[in-house]
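Thanks for making the time this morning. I would like to walk you through one structure, starting from a single helix and working outwards, so please have the view open in front of you.

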Amino acid sequence: MRKKISELGRFTNPSLLILSSLAGGPKHGYAMIQDIEELSGIRLEVGTLYGALTRLEEQGWIEPLESTDRKRPYRLTALGLSVLQEQLATMQQILKISLQRLANA
């Protein structure tokens, strides 16, 4: 029996999704969840989001901004932008080669 794509598991990385979201500008957690869902169709759980935010901040790839309310916005750092560009270039290469292989299959 053939499985639906949604049943095969997710081929995503929360960190990559967060960096991609922040490439569009600073956002707080809930705004990132919404943006990521619009971008990818994937809704990150709050625990997944904040765990990844902590790791990304420790790596120096994102940084928190001052907030006047309870919402804490984050932004991409220069290092985070560089990491995102590198990862997307790798993904683009994988996509290119995979599509070539599929065409020859």
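The buried residues of helix α1 pack against α2 (29-40), α3 (46-59), β1 (62-64), β2 (74-76) and α4 (78-104), and I should say straight away that what we are looking at is a predicted model. Helix α1 itself runs over residues 14-22, and seven of its nine residues are buried, namely Ser15, Leu16, Leu17, Ile18, Leu19, Ser21 and Leu22. At the N-terminal end of α1, asparagine 13 acts as a cap, with a side-chain oxygen placed 2.7 Å from the backbone nitrogen of serine 15.

If we now move past the helix, into the loop between α1 and α2, we come to lysine 27. Is lysine 27 buried or exposed? Its relative accessibility is 15%, and because the cut-off for buried is under 20%, lysine 27 counts as buried. The side chain of lysine 27 reaches back to the backbone oxygen of serine 21, at 2.5 Å, and, leaving aside residues up to four places away in sequence, lysine 27 touches Ser21, Leu22, Met32, Asp35, Arg72, Pro73 and Tyr74.

To put this in the setting of the whole protein, there are four helices and two strands, which follow one another along the sequence as α-α-α-β-β-α. Of the 105 residues, 26% are buried, and among contacts with a separation of 6 or more, 43% join residues 24 or more positions apart. Finally, the accessible surface comes to about 7,800 Å², with 52% of that belonging to carbon and sulfur atoms.

Key
Residues numbered from 1 in each chain as written. Predicted model: local features only at pLDDT ≥ 70, side-chain atom pairs only at ≥ 80, totals over all residues. Heavy atoms only, no water. Buried < 20%, exposed > 50% of the residue type's maximum accessible area, 1.4 Å probe, protein only. Contact = heavy atoms within 4.5 Å. Polar contact = N/O pair within 3.5 Å; in protein donor to acceptor, adjacent residues only side chain to side chain. Areas by Shrake-Rupley, 256 points an atom, 1.4 Å probe, with all protein chains shown as cover.
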